[in-house]
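Please read this briefing alongside the sequence and the 3D view. It is arranged by topic and is meant for use at the bench.

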Amino acid sequence: MIGATRVYAAKLATPESAVSVIADGETLCCGAAVGQPPALLAATAERIRAGDLSRIRLYYKLAMPQLATSLLADDVIESVEAYSFFITDQDRHLLSRQTEAGIRSLNFVPAHFSQIPRIFEEDVELDTFMVTVAPMDADGYFSLGTNNDFSPAAARGAKRLLVEVNENMPNVFGHSRIHISDVSAVVENHVPLVEGGGSEPSPAGCAIGELVAPMVPDGATVQIGIGGVAYGVAGALSHHSDLGIHTELFSPALADLISKGVVTGARKTLHPHKHVFTMAIGTRDTYELMNNNVAFESYPSSYVNDIRIIAANDNLISINTALQLDLYGQVNAETIGENQFSGSGGQYDFVKGASLSRGGKSIIALQSTAMNGTLSTIVPRVPIVTDTRMDVDWVVTEYGAVKLRGKSTRQRAAALISIAHPDFRAELTAAARSL
């Protein structure tokens, strides 16, 4: 411990000093979501504002306010070539402002979540990676806390690793460690973590949850996303027993199921009694539940989202939502019209993995309408395909549940029209005849 403490002290720096070595034209990456380090990002942005740094290439996933107010801010972004793996509200606001100004410096990188670590291992050479971590332990290791995902690969591959220590970041077990010897500089900044992922279940989400719940057997291992539909499903699982968690995103809804004793992991095939995830976005209570809790294990997305690992979990039930689904059974979870709205994330990883799990099910659960009931989410053709028609299994709306696997194109169309909103069934039937 004495040696690690001395190394820590020698590498302790101010944010300004830590980022002073970043040079013009470098390629940077920051942690995803809650793992985005506010002090380091702000100090880097201030160098750009001062004219001391330019032509930065930035890779990131799930922009949070600390990134939106620094490297993605209006007075900084012109010096940043940004590459996002998943579009959020912060990106959409930026894109809207840039469209009005006739500027476009934000680029979208299509990639499944399982693929991103390999991108940083083989395809993108990083100069600097910066991330928020939990305080160092007695052996000289920092925990990546909420954000394992691609962080280990980016940390190993970058020429320079900057960590921002925050005592509010939970210490999480699993393969979630960075050693002080691999760190270039340490910054301390004990601010509250960004909170999110909480949502009230929508009325349609509650109705969908009541249909999905009987499809989930006691003892199953689940993956659930976020949003009103996902929270409706999670709420409907409150009377289940011995559920397990193997999920890309850990959320307050899953934390609630653990607190209620619904989730124990007792019957999991892999990692029994452990709640496995690669990224977490939650409330302060969520982070406190995770902190130093031996039941939680975090692994890189290349493991958690590996189709082979997902499929090795018996009775793996994957529950995701979508923006649209067409009459062929193709799922669009990414775009609205011609605009990139989000990203594929790890949805396809789990759709495919769950379909290969013994006793598993892949469920696409979506509200039947959007835009206050003016648009049907079941459409003749989707503009882009996130999940292929060969892999989509179950589809659930508030009007029913249908199984597509094994059905012909004609049978699929009829099944999907039967669970579309009644106001749109006639036009969908007409579209099906023409298709």
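What follows covers sheets, helices, an enclosed region, two backbone points and aromatic pairs. The model is predicted. Among its elements are an open sheet of 7 strands with parallel pairing, an open sheet of 3 strands with mixed pairing, and 10 aromatic pairs.

**The sheet of 7 strands**

- Read across the open sheet, the order of the strands is β4-β3-β2-β1-β5-β7-β10, and the pairing is parallel.
- Strands β4 (106-108) and β10 (185-188) are at the edges with a single partner strand each, so one side of each is left without a neighbour in the sheet; from one strand to the next, the twist averages 20°.
- Within this sheet, β1 (residues 27-30) pairs with β5 (residues 128-133) in the parallel sense over 3 bridges, and L28 stands opposite T128 in β5.
- Helix α3 (residues 38-49) lies across β1, β2 (56-60), β3 (80-84), β5, β7 (160-165) and β10, and it runs at about 120° to β7.
- Helix α5 (residues 89-101) lies across β2, β3 and β4, with a direction at about 125° to β4.

**The sheet of 3 strands**

- The strand order in this open sheet is β17-β16-β23, with mixed pairing, and the edge strands, each pairing on one side only, are β17 (331-332) and β23 (378-379).
- Strand β16 (residues 324-326) and β17 run antiparallel and are joined by 2 bridges, with V331 in β17 as the bridge partner of L325.

**A helix pair**

- Helices α15 (residues 409-418) and α16 (residues 425-434) pack at an angle of about 170°, with their axes 10 Å apart, and that angle makes α15 roughly antiparallel to α16.
- In this contact, A413, I417 and S418 of α15 meet R425, L428, T429 and A432 of α16; the residues of the contact divide into 4 nonpolar, 2 polar and 1 charged.

**An enclosed helix and strand**

- Helix α9 (residues 228-236) is largely enclosed by the rest of the structure, because 7 of its 9 residues are buried; these are V229, A230, Y231, G232, V233, A234 and A236.
- The buried residues of α9 pack against α8 (203-212), β11 (221-224), α10 (252-259), β15 (316-320) and β20 (361-365).
- Strand β20 is likewise largely enclosed by the rest of the structure, since 5 of its 5 residues are buried.
- In a regular strand the side chains alternate between the two faces of the sheet. In β20, K361, I363 and A365 point one way, S362 and I364 point the other way, and all are buried.
- Strand β20 runs parallel to β15, to which 4 bridges join it, and N320 stands opposite I364 in β20.
- Strand β20 also pairs in the parallel sense with β24 (residues 394-397) over 3 bridges, where V395 in β24 is the bridge partner of I364.

**Positive phi outside glycine**

- R55, which is not a glycine, has a positive phi of about 55°; R55 lies in the loop between α3 and β2 and, at 56% relative accessibility, counts as exposed.
- D242 also has a positive phi, near 55°, in a residue other than glycine; D242 is in the loop between α9 and β12 (244-250) and is partly exposed, with a relative accessible area of 25%.

**Aromatic pairs**

- The structure holds 10 aromatic pairs, among them the tilted pair of F120 and F150, with 5.5 Å centre to centre and 45° between the planes.
- This pair links distant parts of the chain, 30 residues apart, with F120 in helix α6 (residues 116-123) and F150 in the loop between β6 (141-143) and α7 (151-157). F120 is buried, with a relative accessible area of 3%, and F150 counts as buried at 0% relative accessibility.
- The rings of F250 and F277 have centres 6.0 Å apart and planes at 45°, so this pair is tilted. F250 lies in strand β12 and F277 in strand β13 (residues 275-280), so the pair ties together parts that are 27 residues apart in sequence.
- At 0% relative accessibility, F250 counts as buried, and F277 counts as buried at 0% relative accessibility.
- One aromatic cluster is formed by Y59, Y83, F85, F120 and F150.

Methods: Residues numbered from 1 in each chain as written. Predicted model: local features only at pLDDT ≥ 70, side-chain atom pairs only at ≥ 80, totals over all residues. Heavy atoms only, no water. Pairing = 2+ DSSP bridges. Axes fitted to C-alpha atoms, helices over the stretch in contact; angles between N-to-C directions. Contact = heavy atoms within 4.5 Å. Parallel < 35°, antiparallel > 145°, perpendicular 65-115°, else oblique. Nonpolar A, V, L, I, M, F, W, Y, C, P; charged D, E, K, R; others polar. Buried < 20%, exposed > 50% of the residue type's maximum accessible area, 1.4 Å probe, protein only. Phe/Tyr/Trp six-rings, centres within 6.5 Å; stacked < 30°, edge-to-face > 60°.
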